[in-house]
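Q: Hello! I am new to reading protein models and would like to take a close look at one part before stepping back to the rest.

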Number of protein chains: 2
Amino acid sequence: MSGDAGAAPAGAPPLDAVEIVTIGDELLLGFTIDTNAAHLARALGEAGIRVVRRTTCGDDAGEIAMAVRESIDRTGAVITTGGLGPTSDDNTKSGIAAIFGRAMRLDEGIWERLQEMWKGRGWPGQVPESNKLQAMIPDGATVLANRHGSAPGIWLEDERGRWVAMLPGVPREMKGMLADTLMPRILERAKRGGGAALVIRSRTVRTTAISESALHDLLADVRQSVHGLPLAFLPGWEGVDLRVTARGMPAAEADALLERAVLELRGRIGDPVYGEGADDLASVVIDALRARGWMVAVAESCTGGMLGMRITAVPGSSDVMLGGVIAYRNDVKVRDLNVPQPMLDAHGAVSEEVVRAMANGVRARTSAQVGVAITGVAGPGGGTPEKPVGTVWVCVETPAGAHATRVRTVGDRDEIRRRAAQGALNLVRRQLAR
Amino acid sequence: MSGDAGAAPAGAPPLDAVEIVTIGDELLLGFTIDTNAAHLARALGEAGIRVVRRTTCGDDAGEIAMAVRESIDRTGAVITTGGLGPTSDDNTKSGIAAIFGRAMRLDEGIWERLQEMWKGRGWPGQVPESNKLQAMIPDGATVLANRHGSAPGIWLEDERGRWVAMLPGVPREMKGMLADTLMPRILERAKRGGGAALVIRSRTVRTTAISESALHDLLADVRQSVHGLPLAFLPGWEGVDLRVTARGMPAAEADALLERAVLELRGRIGDPVYGEGADDLASVVIDALRARGWMVAVAESCTGGMLGMRITAVPGSSDVMLGGVIAYRNDVKVRDLNVPQPMLDAHGAVSEEVVRAMANGVRARTSAQVGVAITGVAGPGGGTPEKPVGTVWVCVETPAGAHATRVRTVGDRDEIRRRAAQGALNLVRRQLAR
């Protein structure tokens, strides 16, 4: 280890904003999606540090130096990811060292650790000279330990308190190092500056089976802001998520306002709200089944197993999930679900009659209290004027009776199937809520 | 419509490099992952246009103007996404107009189209005044038509031939407008400049059921480059993809070198290669089944329907897919697949004996020539010292006999299930290739 223990130079500006520079040809050329920048931005925002600009450049040392120099000149606080590995295109450290007018030197601590890792893995011979680059750091830099990989991070700072923190590009290593080492250091700086008590926090309310325009109407007078917090409508195949965000206020105030806003939204929207944050509708349904002590079985045509997959994706789903039948072709519907062939002939496989028969059939052949069925036209072929692509029927049969409904679906084959499975889960949720 | 039809001013510099600026608080704060930038970069690279820098800024008009101005000063050719919608935070157009010293004016064509769309959707009353912002464009700008949404794109250029193209932020709209309108215009500029014959192209060979380290050994002497092209190893749950990239050369030369490199990789790796590019293993298996005129049925325990979902995700899969049984709980395995209860008691549900009985059972109860079964411990609970989390058996039974194997799986519940389904599909592929 080398350098200081995290103290800022006297007279350094208070920390309230940073820029992010993500480095790598893979990112710049679009071969890799940049998830690191989003993770960093969220983590910093949660802690009250504003991200004011993000930049991506390639592996060229000149480009890296130019991009980082511009960020330093604008904001004085820069986090980079990428360009710290053993390969020859890793020009980050030397490019940034040059900005600060520092030479590169071998760090004995890193070099010893690399040699130990090499031996520990049972690899033959000595560490190749090319890997020695990983142990080179700018003069006066502080090493940020990496418990999750071989490339350490680096903190470099000038006499005016302007700094660059270099993190590795592998997301797992970057996230670990951010949490372990860099964030505590940044928070210390922010506290000292007296500025960073102001956070950015958000909460998300999840709705399904209600259109964005219907939500707009329900929320007409709070569409711009709920208790002063801006509201974002985020439509997706699972439904429309509503996100409220509190910015530039102390954490306690943000949390209190968010709580009020979420209660307001839940109260106005009512039934279509199935959860918050990362809640999955399958988990909500499983909890409701478990509360009743009921088992479920599925009968799937156009979704081909997707509903079963979603239910069984939840750990512990075997408490409530028996299994089911993938009745993709009609002969399976007849043989395994007792759907009458004349019914198929008269109404077609995509019909209320058949979806009811499927739910009844899978419930009858198992000991499940709840039978769920899906049949639809997922496309791209198979549509007719009466039953266009996107026509989907779902049915839930419980000891209290059967309920069938058509699901609103739009989009391509994948999206139609996802919306169909989501619609079936939502019908279970609603029947269990009665 | 207004402005020129795409001709560059006399004396404009040749086009060979662009910058991308993606705009929006959602992106900057990390709430949304930036997929637009990657899509743009790949499309431009394929066409031989280098992306030299990517920048993300928030919705603040001053920030937008500063970021775009810097990009124009560096590179003279800038594509922006985002900030063109009807909401009040859409400051892109006016911010960029200010850089070029242009006033904003109402475009009658866009305004009429907005009014038509409003009526066409049967919405009541007149288009709100707030939507009029969408029809405002910088003086002298060219409108880029949007067939996929309401916000048109804008092309703005100065007398020196420096330009900014503004695209909407909705990925579907952005992609459509890029392909329809912007890319032809950019290619025209590049051709005129005489510079853009040098492309960046890549091809990807997909492998499964072979480890990254085994591939490293097989490819030891071409690991750094195959026929002069750099080789990237991209491991994922489907297997390891190998990408070769040709850069900075004419298209014909790139294509020829890539073809040689792909043949070299296919020859060295052999059986584990199941496809190229975006090929999905389920499609490969469906084609092989169709070629034989065989039908398939599935029996799934730990994957709970994921294998059926993957097969039926492919349009036209009903040619070869009957359906199957989701045998999540053991009583379903016994009742619907004729797995003997004593076998379950003696060997456990996750065993070679049971997976063979499942494949046999689903084949016997259907008219399918091919039965595929999966049973495993997906975790996080349920592991034992003998059968730890990640233990997965798959079996394929065909008229030629049955073949069972253990699948290498690592990772969390989701990843284990994905690898299990992929392993089962691969076993079908291998059995059909005999």
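Does P399(A) count as buried or exposed, and why?

A: Let's begin with a reminder that this is a predicted model. P399(A) counts as exposed, because it has 9 C-beta neighbours inside 10 Å, and a residue with 12 or fewer is called exposed. You will find P399(A) in the loop of chain A that links β17 (392–398) to β18 (401–407). Look also for R363(A), which is 36 residues away along the chain; its C-alpha atom and that of P399(A) are 10.0 Å apart.

For a contrast, try helix α11 of chain A, residues 330–337, where V332(A), K333(A), D336(A) and L337(A) are buried. Viewed down the axis of α11(A), these buried residues fall within an arc of 105°, so they line one face of the helix. What do they pack against? In chain A, their partners are β14 (296–300), β15 (321–326), α12 (341–347) and α13 (352–365), and β15 of chain B joins in as well. Just after α11(A) comes N338(A), with a positive phi near 55°.

Now step back to the whole of chain A. Its domain assignment lists domain 1 (17–193), domain 2 (198–276) and domain 3 (281–432). Between the C-alpha centres of domain 2 and domain 3 of chain A there are 30 Å. Where these two domains of chain A touch, domain 2 brings 7 residues and domain 3 brings 10. The domain 2 side of that contact consists of 3 nonpolar, 3 polar and 1 charged residues.

Next, see how the two chains meet. Chain A gives 47 residues to the contact and chain B gives 46. On the chain B side, α2 (36–46), β2 (50–57), α10 (306–312), β15 (321–326) and α14 (413–432) each supply at least two residues. That side of chain B divides into 25 nonpolar, 14 polar and 7 charged residues. Strand β2 of chain A (residues 50–57) runs antiparallel to β2(B), and 3 bridges join them. Within this pairing, T56(A) sits opposite R54(B).

Finally, look inside. The largest nonpolar core has 122 residues, and those with the most contacts inside it are A41(A), V164(A), A41(B) and V164(B). Leaving aside residues up to four places away in sequence, A41(B) touches L28(A), L29(A) and G30(A) as well as I20(B) and V51(B). Apart from that core lies another one of 112 residues, including V325(A), V362(A), I326(B) and V407(B).

Technical notes:
Residues are numbered from 1 along each chain as its sequence is written. Chains are lettered from A and ligands numbered from 1 in the order in which they are written. This is a predicted model: local features need pLDDT of at least 70, side-chain atom pairs count only at pLDDT 80 or more; totals for chains, interfaces and linings use all residues. Helices (H or I, at least four residues) and strands (E, at least two) are DSSP runs, numbered from the N terminus. A residue is buried if 20 or more other C-beta atoms lie within 10 Å of its own, exposed if 12 or fewer, and partly exposed in between; C-beta atoms are placed from the backbone. Ala, Val, Leu, Ile, Met, Phe, Trp, Tyr, Cys and Pro count as nonpolar, Asp, Glu, Lys and Arg as charged, and the others, Gly among them, as polar. Two strands pair if DSSP finds at least two bridges between them. Domain bounds come from an automatic or database domain assignment. A nonpolar core is a set of buried Ala, Val, Leu, Ile, Met, Phe, Trp, Tyr and Cys residues joined through C-beta atoms within 7 Å. The arc is that of the directions from the helix axis to the C-beta atoms.
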